[in-house]
Amino acid sequence: MAARGLCCGCWDRPGGILRPERSLQSRERGFTLQVATPCREQIHQEVQDYYGKELQKSEDLKTNACVTSARPLPKAVRDALEHVHEEVVARYYGCGLVIPECLLSCRILDLGCGSGRDCYLLSQLVGEQGHVTGIDMTEGQVEVAKKHIAYHMNKFGYRKPNVEFLHGYIEKLSDAGLADESYDIVISNCVINLTPDKKAVLQEAFRVLKPGGEMYFSDVYASQRLSETIRKHRVLWGECLAGALYWRDLYSITEEVGFSPPCLVTASPITIGDKELEGIIGDCRFVSATFRLFKVPGGSRAGPGQVIYNGGIMGHERELVFDANFTFKEGEVVDVDAEMAAILQSSRFAEEFLIRAGASATAAQGNCCKRAKEKICNPFQLLEQLAAPGPACCPRGTSGPPGCC
């Protein structure tokens, strides 16, 4: 179907009025933002139709929002991808890499698993003793994922399946029988933007995570809050743009839910490539960004400290690029703020680091990249830095050559 911006049902009610489905508390200026969105049931149905019927392969997408890769795939992931069935790969619509580090024996939940590509990748990385659950509201996609379980378990040499796929809504994980504190990691790949209630998704993810657990996810973010014209556009919903969250609102929502402040990992530009859609979007920009959130236990919050990466995480033996602000090299002392100290101390990374309280001023002064001391939180700012000519400033925890900034 051509991208004609056709609307139906409650996407375009008589008189152009859309009922507000939720309120989003914004702490920037102390006001409450009423976000007008199409009705929840209609969004769910239209998205299911778009991904279950209209899209048969990734080439059917009209923008690159759902196929952008945030960074090159590590060798271990590339090798694992070669073992994934071609039909599963062809029906993949993700917008970034959502394969975090240190996964052996972990229990992982994939929100909006689609055809199961990331689940089958993770199945190999967690090992036979680990477990991966995928959940998606599009029944056709879940059926594709399920029918290839035996193929992949045989390919991986597993005696019994370590993956399962559920049909359900990521805003209501309890309806699918997912218990409190039952997963080490929750991932999501370009799916939260397709849900009408982002806060409910993050609340459910927080609920099912174990203390110290992580939510590692890629999604599409907007440079501003979206107009009603964009929010009610059927094709832009299916293309992951109409439901994109203003990036600053992510920080507000995660704080309300109880997660630690988001750690920005990567960012990639999104191009539209369709003149009609570009005209509707106007001056709003979109970015594909990967964030990591941690469920840090209250007692783990302490002051700043110093950490030393022990090395040895598969695929990251000498250097662990944790996010856009912190890169840890094996054996090097790195000053970290209170937030990062609490994350490393309470998460699955605790055994990978030597952690001690108290930051060293001399260590901080020895870092030539002074600008890198200011945390990068804005994915659009990160894009600008990545695109800037000349030597890039090294993230915290690294030591660049003299005069690198």
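**Close-ups of a predicted model**

**View 1. Leu111 and what it touches.** Leaving aside neighbours within four places in sequence, Leu111 is in contact with Ile135, Ile170, Leu173, Val186, Ile187, Ser188, Asn189, Val191, Val201, Ala205 and Met215. Like everything in these views, that contact list comes from a predicted model. Leu111 also turns up in the largest nonpolar core, a set of 38 residues, where Leu109, Leu111, Leu202, Met215 and Tyr221 touch the most other members. Helix H10, residues 247–257, hands this core its largest share, five residues. Apart from it lies another core, this one of 30 residues, with Cys106, Leu122, Met153 and Tyr158 among them.

**View 2. The second largest cavity.** Search the whole structure and you get two cavities of 30 Å³ or more; the second largest has a volume of about 80 Å³. It has 13 lining residues, and Ile192, Lys198, Tyr221, Leu245 and Leu250 are the closest to its centre. Tyr221 is a familiar name here, being one of the residues that touch the most other members of the largest nonpolar core. Helix H7 (198–208), strand E7 (209–222) and H10 each put at least two residues into the cavity lining. E7 has the largest share of it, with four residues. Sorted by class, the cavity lining comes out as nine nonpolar, two polar and two charged residues.

**View 3. The second largest pocket, between two domains.** This pocket has a volume of about 420 Å³. Domain 1 (40–295) and domain 2 (298–358) both contribute lining residues, so the pocket lies between them. There are 21 residues in the lining, and Glu101, Cys102, Leu103, Ile313 and Met314 lie nearest the pocket centre. Helix H2 (residues 75–81) gives the most to this lining, namely three residues. As for chemistry, 14 of the lining residues are nonpolar, two are polar and five are charged.

**View 4. Cys102 and Tyr93, on one loop.** Cys102 sits in the loop between helix H3 (86–90) and strand E3 (107–111). Its phi is near 60 degrees, a positive value in a residue other than glycine. For context, most residues other than glycine have a negative phi. Cys102 is also among the residues nearest the centre of the second largest pocket. Tyr93 has its place in the loop between H3 and E3 too. Tyr93 is buried, with a relative accessible area of 7%. From Tyr93 it is 22 residues along the chain to Ser115, and the C-alpha atoms of the two are separated by 8.9 Å.

**View 5. Cys240, another positive phi.** Look for Cys240 in the loop between helix H9 (234–238) and strand E8 (245–246). Phi is near 75 degrees for Cys240, again a positive value in a residue other than glycine. Cys240 is buried, and its relative accessible area is 0%.

**View 6. Zooming back out.** The protein has 14 helices and 15 strands. Of its 405 residues, 57% count as buried. Take the contacts with a separation of 6 or more, and residues 24 or more positions apart account for 78% of them.

Notes:
Residues are numbered from 1 along each chain as its sequence is written. This is a predicted model: local features need pLDDT of at least 70, side-chain atom pairs count only at pLDDT 80 or more; totals for chains, interfaces and linings use all residues. Side-chain values use heavy atoms; hydrogens and water are left out. On a 1 Å grid over the protein atoms alone, a cavity is a set of points where a 1.4 Å probe fits but cannot get out, and a pocket is an open set with protein on both sides within 12 Å along at least five of seven lines; lining residues have an atom within 4 Å of a point. Grid points are joined across faces, edges and corners, and a volume is the space filled by probe spheres set on the points. Ala, Val, Leu, Ile, Met, Phe, Trp, Tyr, Cys and Pro count as nonpolar, Asp, Glu, Lys and Arg as charged, and the others, Gly among them, as polar. Domain bounds come from an automatic or database domain assignment. A nonpolar core is a set of buried Ala, Val, Leu, Ile, Met, Phe, Trp, Tyr and Cys residues joined through side-chain atoms within 4.5 Å. Buried means under 20% relative accessible area, exposed over 50%, partly exposed in between (1.4 Å probe, protein chains only). Contact means heavy atoms within 4.5 Å.
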